[in-house]
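Biologist: I'd like a close look at one part of this model, the cysteines and the charged pairs that hold parts of the chain together. Could you walk me through it in one go?

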Amino acid sequence: QFQQVQSMMYDLMEWRSQLLSGTLPKDELKELKQKVTSKIDYGNKILELDLIVRDEDGNILDPDKTSVISLFHAHEEATNKITERIKEEMSKDQPDYASYSRMSSSPTHSLYVFVRNFVCRIGEDAELFMSLYDPQKLTIISENYLVRWGSRGFPKEIDMLNNLKVVFTDLGNKDLSRDKIYLVCQIVRVGRMDLKDSNSKKYTQGLRRPFGVAGN
């Protein structure tokens, strides 16, 4: 029973990280919430705790606002679902290492990055896109962190000076076990088509053009 509860806790921690990330679409968010409540109800059942009845959205039913008949049907439906779930779990032949494999894939790590300065002679405004990159799979494994840098060598939002911080979340042990992970910074110049243009009447302003890339 301990291993069974341990396995469920790993699932709940993983799903909690996904919920807190704030990156899930609305339909996936609703589906994940239903999975979480279903897992909690199942855990309460095998631990012989009180059964919690919920509505279709997973919210706990208020006995003061719900009729006795509705509560009875909700209890009956919840009991049937949990009973079926227990039968499914008992029919599975899970190996002993199942809980450890879930732990190893649980995204419980984060990477904190503090941008202190950006030194690159551009002459115009720039946009810096920072992300985590796997060189073996040739793919970016995180969202981009955007920093707008001014032509005078300071952030565009001057109040962000010495406060450019980002946390890359939802990194699991499988990410830490990669051979290499690079922090890549893509630099985009924002301004003239050609830096040599000097007459403001002849050039177009605000053009975004790739300027460079750096990695560490």
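Biologist: To start with the cysteines, how far is the sulfur of Cys120 from the closest cysteine sulfur, and in which residue is that sulfur found?

Modeller: Sure, and keep in mind that this is a predicted model. The sulfur of Cys120 has its closest cysteine sulfur in Cys185, at 9.0 Å, and that is too far for a bond. A disulfide would need the two sulfur atoms within 2.5 Å. Looked at from the other end, the closest cysteine sulfur to that of Cys185 is the one in Cys120, again at 9.0 Å and too far for a bond. A search through the whole structure agrees, turning up zero disulfides. As for where these two sit, Cys120 is partly exposed, its relative accessible area being 33%, whereas Cys185 counts as buried at 14%.

With disulfides out of the picture, let's turn to charge. Side chains of opposite charge can pair when their charged atoms come close. Here the structure holds six salt bridges, and three of them are worth going through one by one.

Let's take the helical one to begin with. Lys39 and Asp11 form a salt bridge in which the closest N and O atoms are 3.4 Å apart. Lys39 belongs to helix α2 (residues 26–46) and Asp11 to helix α1 (residues 2–21), so this pair ties together parts that lie 28 residues apart in sequence. You'll find that both Lys39 and Asp11 are buried; for Asp11 the relative accessible area is 10%. The two side chains also show up as joined by a polar contact of 3.4 Å.

Now over to the strands. Glu124 makes a salt bridge with Arg189, with 2.8 Å between the closest N and O atoms. Since Glu124 is in the loop between β1 (109–115) and β2 (125–134) while Arg189 is in strand β6 (residues 182–191), the pair ties together parts 65 residues apart in sequence. Glu124 and Arg189 are both buried.

That pair isn't on its own, either: Glu124, Arg189 and Arg192 are linked in a network of salt bridges. Arg189 deserves a longer stop. Its relative accessible area is 7%, which puts Arg189 among the buried residues. Besides the bridge to Glu124, the side chain of Arg189 reaches the backbone oxygen of Arg192 at 2.7 Å. A polar atom of that same Arg189 side chain also has the backbone oxygen of Met193 at 3.4 Å. Then there are the contacts: setting aside neighbours within four places in sequence, Arg189 touches Ile122, Glu124, Asp125, Leu195, Leu207, Arg208, Arg209 and Phe211.

One name in that list, Arg208, takes us to the third pair. Arg208 has a salt bridge with Glu127, and the closest N and O atoms are 2.7 Å apart. Arg208 is in strand β7 (residues 207–215) and Glu127 in strand β2, so parts 81 residues apart in sequence are tied together by this pair. Unlike the two pairs above, where both partners are buried, this one is mixed. Arg208 is partly exposed, with 48% relative accessible area, while Glu127 is buried at 13%.

If you have a moment for the surface, try the loop between β4 (145–149) and β5 (164–171), where Ile158 lies. Ile158 is exposed, with a relative accessible area of 54%. Together with Phe154 and Leu161, Ile158 forms a nonpolar patch on the surface, and the accessible area of the three adds up to about 280 Å². Asn162 is found in the loop between β4 and β5 as well, and Asn162 counts as exposed at 53% relative accessibility.

Asn162 also brings up the backbone. Most residues other than glycine have a negative phi. For Asn162, though, phi is positive, near 65°. Leu138 is another non-glycine residue with a positive phi, near 55°. Leu138 sits in the loop between β2 and β3 (139–140) and counts as exposed at 63% relative accessibility.

So, back to your cysteines: Cys120 and Cys185 have their sulfurs 9.0 Å apart, too far for a bond, and for ties between parts of the chain you can look to salt bridges such as Glu124 with Arg189.

How values were computed:
Residues are numbered from 1 along each chain as its sequence is written. This is a predicted model: local features need pLDDT of at least 70, side-chain atom pairs count only at pLDDT 80 or more; totals for chains, interfaces and linings use all residues. Side-chain values use heavy atoms; hydrogens and water are left out. Buried means under 20% relative accessible area, exposed over 50%, partly exposed in between (1.4 Å probe, protein chains only). A salt bridge is a side-chain nitrogen of Lys or Arg within 4 Å of a carboxyl oxygen of Asp or Glu. Helices (H or I, at least four residues) and strands (E, at least two) are DSSP runs, numbered from the N terminus. A polar contact is a pair of N or O atoms within 3.5 Å; within protein, one must be able to donate a hydrogen and the other to accept it, and residues adjacent in sequence count only if both atoms are side-chain atoms. Contact means heavy atoms within 4.5 Å. Patches are made of residues with over 30% relative accessible area and no salt bridge: like charges are joined within 9 Å, nonpolar side chains (Val, Leu, Ile, Met, Phe, Trp, Tyr) within 5 Å. Accessible areas come from the Shrake-Rupley method with a 1.4 Å probe; for residues, only the protein chains shown count as cover.
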